[in-house]
Structures are given as structure tokens and as C-alpha cells.
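Please open the model in a viewer and keep the selection tool at hand. The tour below proceeds stop by stop.

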Amino acid sequence: MQRVTGIIGTMKPARLFVEKRPGFDIEAQNLKRELADFLGAQFPELTQLEGLRILRRYDVANADEHQLKMLGDTVFSEPSSDLIFFTDAVPAEHDECFFGVEYVPGQYDQRADSAEQCAELVTDTHLKIRCADIYVFRCPGGLSTGALEAVKRYLINPVDSREAHHSMPDSLDDDEEPPAGVASTAHDSAADPGLAMAAEDLAFCRAWFAAEGRDPTPAELKVLDTYWSDHCRHTTFTTALEKITADDASPGLKKALELYEETRNELYGSEVGHRQRSLMDMATIGAKILKKRGLAGDVDESKEINACTVKVNVEFSDGSGEPQQEPWLLLFKNETHNHPTEIEPFGGAATCLGGAIRDPLSGRAFVHQAMRISGGADPRTALEETLPGKLPQLRIARDAAAGYSSYGNQIGLATGQVSEFYHPGFLAKRLELGAVIAAAPEAWVRREEPAPGDLVILVGGKTGRDGIGGATGSSRVHTGESVEKSGAEVQKGNAVEERKLQRLFRNPAATGLVKRCNDFGAGGVAVAVGELAAGLDINLDAVPKKYAGLNGIELAISESQERMAVVTASDDAE
């Protein structure tokens, strides 16, 4: 195909398509083989595809003809490897069929965001850009309706995407409707499907507010729901284990349980009878007993809730021949994103790594190595055998690997070990774990109590609806409909934005102004800022937004990624 140039509108939205030239279309060729392998047994015509093309569609507003042509060669394509088509219609032949995939409104699109930033650098004009992926198929006799629907089911994740409309929109402007009002009290909160609290939790809350003589506000309930989610409160791991036994056939396990009981008796003494056994107690008792024995003097303790931190002495040479020592902080962090990766594999695995990075980063440390552990069911399972409401295991496995590596590559983080486990026990929910190690000179980290008059500054990305209810969503019981109703829970990572935070925190002149820091994770503003001081005022009107229409509760609990809450003295704010 040759480059095709159509009539380009001046300031109305204009459309162009970009396609890899033959020989560079690796993604399309891989997908062609993937569809043949995964769906070919059920739909033999997919093994006979003569061609599969992938086009990136860009709709651009506020660009004139000259700007659009310039952007086509500098931002949207690489002329040596890409074909570009300035046309409203999909550049497909008469014997080809096609469909498009685009994000649902409100989902963060990193490609569109990056394109807008690059376009503004080139044109010095803020342009609005929307993207879609167009899949074009050529098959003898065409694709059957069943085969095409199977391909759509495989490629379109209803959690965050939909089939794209092919008509040219009249405008790319966001709806400027004012945000919906927020009720002052919550009378029927138990019927709210967005709450993850159990009936017993709600009854406890009701009794507490009844004693206060008032109803809770919806915002209070949402924040309580977040703090009491399994993600934040670790309800499963703090479940009381009333009886634990190990038979003689498991001598190692039996010995471990005996050591656990001995350690409990030493640690808790006369209080041991009032201390419940739990998985959380097992996980933390080793560190607690080392501290009691005076063997954990190198553990760095602070009121910042970031990553596990130990003090080390780093040896280096200053050229004089004598080794020098400098006190440093070494930070460790791991994070699981099982539920997000189950419903949206790419974004879930990407933000698993991004979230793990953000904790030691908020401790003003630079993350320099990572590890990934994942678990899934058999990825060879056929599409028709996929559990209702679930994504195919192959799709989860491949997209999760791509999401993790995409984030790591963009932020520049080496992953020294990747371990994948396949077992039927991971069929209902995937395992996705990211672990990182970081370090910083101790002199770079300032820790002080926030004082009246100090300011909390939100640093980093903008806030959107992506990630609202992520913590509570991972704690709720899910059904076959969850995959279509959990779109707001999906967090979208932006590694480029987090890399900017890395660079900022690598400047000791900047970190020296930070008295305390917390990253935005589960619960968003309400939790990240709320944990910084005993009491404070939060101005939600000052929160930078990705788009209009967010109400107060959405701004307060959004878990949009790549954001930090930094406490600084008012004199240092500028």
C-alpha cells in the first residue's frame, strides 16, 4: 500500500491511521499465530487467514492541516517503519473485514496522553487526541460471525474497553456537566453494592454512629469501607486460627509449629492466652522476637508507613586509596495485585510493579532491582472452557507479562528473577506479586513531625475515576458479572510520570524540604493524606483532574497512580 492522503479538516477533529510496514508488523503476525493456535480448533478459518493488520487510529482536535501532517511524521509514526493514512475511513480492501477497540470513557489511555504531550512540544499548541486499535482480517470467503465474535471476546476486555465506533465524532471535548451532588447522610448504605464491608462491619458502624447521635456521611462510609477492606486491614490474614495441627508425616511443618509456639510464649509471656494465632502473627513474629532480643538494632523505625527499612554502611572509594563508609538506608517492598490482574491483566501487573516502586520511592529511595512471581491456571485451556465472566487464562498470562515488562522497561528497572507457577488453584484468581529493593543515603532523608501551618502538596499525576474502589473491589465476593461492572476499579499505570518522581527524589535539595511523605495507594487522597498527621484540612478543589465531572467522594478515594503526598513547611512550599 502507498501513502494515502485525503481531505483534512482545519480545526475540527481529523483522523489518521498508522500501520507497520511489512517486515515491521511483528505484533500483527504474532496475533495471527496466536488466534490460529488458541481459536483455530473451534474456528478453522482462523488458521487460514491470508492476512491480519493492526492499525492505530488517532483522532486529533485543534490541529490545522500543516500541524497534522507534521505530527504524522514526527509523533504518530516513524516513516522508515510505518505507513500513515490521512483518511476518515478505515483503509481496508473490499475483501477485508475489521473492527476496532477503544477504552471506555474515563479510562486512562497512556498512548493518547503521551501523544498529546509530544504534540504540544512540536506544535506549542494543546491538542486533544483519542486512540483506538483497528484489527483488519483477510480470509478466503470471509470470517464467520462466530469466529469474529470469538476474536472480539478474546481481544476486548469489557472491564476497560469496548468495540470502537467508526463514525467521526463532532468533538473530542469532555462533557462539562457539573459533578453530581453528594448526599449529606447515608440512610440506605447497606444496599450500596459498592461497599465491601460484611454485615457485621456495617452493624458495628451503625452502632458507633448511633452512639454519636447522627448518621454517617457517604464519604465517611466510603473511607471506612476502604480502611476495613482486606487490602488494607488484612482481614484474611488476621483471622483467628483456633486449632492448628500437623501430623508426623510432616516433620518440617510440625517443627515449625513447635518453634512458633515457643516464640509466642517468649514474646507475649503472660499475655499469650489473650493473643490470637493468625497468619499475620506468624508472618510478623520473627521480626518482633528479634527486636525483643535486641537483635534488630539496624531496623529503621519511623511514623512513615512506607517500606521495610534497615540501616547499612556503604563502602566506597573517594580515590584516596582508603575505603570510606557512609550510612545508607536499604528498603524492601513487595505488593500483590491479584484482583486487578485477574480482571485487567496488563494494567494490574503494571501497577503491581508501579505500586511496589512507589512505597520505597516515598521513602526518598531509588529502586534498582525487582522480582516478579505470578501464578495462573493452565494457559492452554480453550476459550469455550473458560469460566463464565473470566478472561481466558492465556490472555491473562500474556497480558500480565506484557504489563509488568512495559512498566519496568519505561521506568528503567531491572527484574533479576521471574517465577511463574501454573496450578488449578489459581483458576479463580491469579497471583501477581512484585518485589523491589531500593536505597538512599541516610542524610537525604529528613523525618519530622508535621506542625500546624505545614502544607501537604500533591506531586505527580492527575486524578481520575480509574482505581476508584480498587482496594474494596479486591476484597469483595465476585460473580460472573464482575468483569463487566468493575471498570472503575482498574488502575492504569503511567511509568513515565513515576520516572519524573524518581528524578525529583534523586535531588537532595528537593528531598531535604520533605518532612514526611506518603504515596497514594488504596483509598487515594483520604488515606494517603489522612495518614500524614493527626488532623488536617484537605482542599479537594485543588486536586488536578484528568477530566471534568468528578465529585467530592470520587476525588477523595480515587486510586489513580503515580501520586505522592509531601509535607513541607509553609516557607518551603514554593
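A cavity, as the word is used here, is a set of grid points where a 1.4 Å probe fits but cannot get out. In this predicted model, one cavity of 30 Å³ or more is present.

**First stop: the cavity**

Select Lys303, Glu304 and Ile305, then add Arg516, Cys517 and Asn518, and finally Glu531 and Leu532; these residues line the largest cavity. The space enclosed there comes to about 40 Å³. What is the character of the lining residues? Four are charged, three are nonpolar and one is polar. Rolling a probe the size of a water molecule over the atoms is how such empty space is revealed.

**Second stop: the five-stranded sheet**

Switch to a cartoon view and display the open sheet whose five strands follow the order β8-β9-β12-β10-β11. The pairing within this sheet is mixed. Strands of a sheet pair through backbone hydrogen bonds, in either a parallel or an antiparallel manner.

Which strands stand at the edges of the sheet? They are β8, residues 308-317, and β11, residues 415-422. Each has a single partner strand, so one side of each is left without a neighbour in the sheet. From one strand to the next, the twist averages 20°.

Now select residues 323-336, which form β9, together with residues 431-441, which form β12. These two strands pair in the antiparallel sense over nine bridges. Within this pair, display Leu330 and find Ala439 of β12 opposite.

**Third stop: the helix across the sheet**

Add residues 393-411, helix α12, to the selection. This helix lies across β10 (366-376), β11 and β12. Relative to β10, helix α12 runs at about 175°.

**Fourth stop: two residues with positive phi**

Select Arg364, in the loop between α11 (345-362) and β10. Although Arg364 is not a glycine, its phi is positive, at about 65°. Is Arg364 buried or exposed? With a relative accessible area of 1%, Arg364 is buried, because the term applies under 20%.

Move next to Asn62, which is found in the loop between β3 (51-61) and α2 (65-74). The phi of Asn62 is near 80°, again a positive value in a residue other than glycine. Asn62 has a relative accessible area of 31% and is therefore partly exposed, a class that lies between the 20% limit for buried and the 50% limit for exposed.

Terms used:
Residues are numbered from 1 along each chain as its sequence is written. This is a predicted model: local features need pLDDT of at least 70, side-chain atom pairs count only at pLDDT 80 or more; totals for chains, interfaces and linings use all residues. Side-chain values use heavy atoms; hydrogens and water are left out. Two strands pair if DSSP finds at least two bridges between them. Helices (H or I, at least four residues) and strands (E, at least two) are DSSP runs, numbered from the N terminus. Axes are lines fitted to C-alpha atoms, for helices over the stretch in contact, and angles run from 0 to 180 degrees between N-to-C directions. Contact means heavy atoms within 4.5 Å. On a 1 Å grid over the protein atoms alone, a cavity is a set of points where a 1.4 Å probe fits but cannot get out, and a pocket is an open set with protein on both sides within 12 Å along at least five of seven lines; lining residues have an atom within 4 Å of a point. Grid points are joined across faces, edges and corners, and a volume is the space filled by probe spheres set on the points. Ala, Val, Leu, Ile, Met, Phe, Trp, Tyr, Cys and Pro count as nonpolar, Asp, Glu, Lys and Arg as charged, and the others, Gly among them, as polar. Buried means under 20% relative accessible area, exposed over 50%, partly exposed in between (1.4 Å probe, protein chains only).
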